[in-house]
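Could you walk me through this structure in my viewer? Please tell me what to select at each stop and what I will find there.

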Amino acid sequence: MSAPNTQPSAPAPAPDVDVLIVGAGLNGLAMLHEARTHGLRVRIVEAAPEVGGTWYFNRYPGARTDSESWMYSYSFDRDLQQEWDWPERYPAQADMLRYLQHVADRFDMRRDISFNTQVEAAWFDENVHLWFVRTDQGETICCRFLVSAAGQLAKVVEPDFPGLESFRGDIVVTARWPEHDPDMWEKRVAVIGTGATGVQLIPVVAEMASKLTVFQRTANWVLPARNYTVSPAKMRRLKATYDELWRLARSTPSGMGVRRTERRYSDVTPEEAERIFEGAWEQGGLSMQLTTFADLVVDEKANEAVGSFIRRKIRAIVRDPRSAELLCPAPENLYGARRIPLGHHYYETFNRDNVELVDVSDNPITEMTPTGLRLADGSEHEVDVVIFALGFDAYTGAHSAMDIRGTDGQTLAQRWSQGAATFFSMAVDGFPNFFLLGGPHVPLGNALVAVEAGGRWVADLIEHTCRAGMTRVEVTSDAVALHGDRMDRNLQATLLRHGGKLGAWFLGANIPGKPVAPLLNYGGILDFKSGIDTEQEDGYPSFTFGRAASPVDVGA
Ligand code: NAP
């Protein structure tokens, strides 16, 4: 693709690239591929020394996907799909990283990636319609379009307990796990945080530690993952059906390649419902959400029923009645109102003699001492290693941590000070020629469907802009406001609207001071896809286009 020849009326700086992408994770690599396919000159800057993003940093023991491997991978290249064998239903972090490294090598992506490079600031020059991006390597990169793929769950909630520095043992943060594990063998280990990360970590650490103390503030609904090794025969069958699986993924709300049930809880008797829940529990993974009832997070009765089923399971698995009760989510903690983790023998772990569950809901951790942790009631827990799995400043955190300034010098953080505002997660008014992948309002569902559809959509819009001889594209404030209403409506249509009271990161409620507002599109993949497809088919009515007085030529 090339833009029409232009005769600049005044000299404008020559952009180093057409598209600069921040981040070489799942989103960034997909965007790189799309940009190249669209004939754009592209470069990625990546803070880490390697590709992978979240799959590079989150290397804690037990880290693995919560989506089935064959749907948590790219579909953009048939040969890539056919040549890659997944070892497990839910691949471990090392396998995910190996896959992304393979993608980077196979498509010769590394030549366009600057590793160990962090974006410090970026500003848009209205005169020439160019972005200038300053990195911590002292470079200022000039580009026409800037895409932040800095990470959905990349800005870590840091432990800030008083006395942290005084602790004489090892402190580890799961999202910054060191290359070599801290020594946990026969050590007294504390895990703080029982979200999806803690739930994966706890059973593995329990195998190593002499004593593991789990500090739980809120109990989660943990579904059994039922991971398994993918046999060569299963892999062969999957490869033969990839096209069908992906067609299904793009046409279902979850994007998981599984036909969602239309059955409602009120359609069946309680006995029948029990049988259906039992089947899903045995099947594991996301079967509970996808195959039991369509109204689990919409209808209160259905929600109560699934909650009651899982509580009974917890009580049946966990032998110590006190621990079992602590692990049962409270009645107000509706099923699905916070992200549901998949467990790998999670509840069973609390039957081990070396594992203790400590409730810190009403008795919080107040400080760290040289030898461990102290709670509000004065009790002390002596440990050798403390692992923090405290979560993330999700969706907005990593993007707005960079000093990205749009028109009028406004930063993203300022634009989002009242809550995330986007157009289908990818564009923000006041930020021309700037796009997000993995930004707030990505659809709830299989991330990979959104990653690929989003990357293509952004590249198509850039191409559309250039073909029209334009140098500036910006979403209108009206479109962003309307989209915000849509996000609210989608949230209000589900019981997930109660997540704010429950500290759900889905709504930003886990970060003190962060506006409680939708960070995801609860309409799912279909709502997202239909919205962006319509926008494109209609010729981008939600965007304005402009031409610089001294435009630059662009395009390969
Ligand atoms: P999270 O779900 O936000 O969990 C953070 C945990 O830390 C919560 O249990 C929270 O308690 C606890 N916590 C925070 N501050 C605390 C304090 N001062 N004292 C005691 N406990 C405290 O974070 P996460 O587990 O890292 O998961 C975040 C998201 O990352 C997941 O929901 C998922 O989307 C993604 N993830 C995905 C995978 C996967 O796909 N395999 C794996 C891991 C993570 P409260 O609940 O009371 O706030």
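Start by selecting the shell of residues around the ligand, keeping in mind that this is a predicted model. The shell is made up of nine nonpolar, eight polar and five charged residues. Of the 22 residues around the ligand, color Arg64, Thr197, Thr218, Arg338 and Trp505, as these come nearest.

Next, show the polar contacts of the ligand. At Thr197, an N or O atom of the side chain lies 2.7 Å from a ligand oxygen. Move on to Arg217, where a side-chain N or O atom is 2.9 Å from an oxygen atom of the ligand. Then turn to Ala389: here a polar backbone atom sits 3.3 Å from a ligand oxygen. Now switch on the ligand surface: taken alone, the ligand exposes 910 Å², and the protein buries 85% of that.

Which element gives the most to the shell around the ligand? That is α5, with three residues, so select residues 196–208 to bring this helix up. Ten of the 13 residues of α5 are buried, which means the helix is largely enclosed by the rest of the structure. Among the buried ones are Thr197, Gly198, Val199, Gln200 and Leu201. To see what covers them, display β8 (188–192), β9 (211–216) and β12 (355–359), which are among the covering elements. Add α11 (346–349) and β16 (385–388), also part of that cover.

For the last stop, zoom in on Ile202, where α5 has a kink of about 30°. The proline Pro203 follows shortly after the kink, and both Ile202 and Pro203 belong to the buried residues of the helix.

Methods. Residues numbered from 1 in each chain as written. Predicted model: local features only at pLDDT ≥ 70, side-chain atom pairs only at ≥ 80, totals over all residues. Heavy atoms only, no water. Bend = angle between axes of the 7 residues up to and from the residue. Helix = DSSP H or I, 4+ residues; strand = E, 2+ residues; numbered from the N terminus. Buried < 20%, exposed > 50% of the residue type's maximum accessible area, 1.4 Å probe, protein only. Contact = heavy atoms within 4.5 Å. Near = heavy atom within 4 Å. Polar contact = N/O pair within 3.5 Å; in protein donor to acceptor, adjacent residues only side chain to side chain. Areas by Shrake-Rupley, 256 points an atom, 1.4 Å probe, with all protein chains shown as cover. Nonpolar A, V, L, I, M, F, W, Y, C, P; charged D, E, K, R; others polar.
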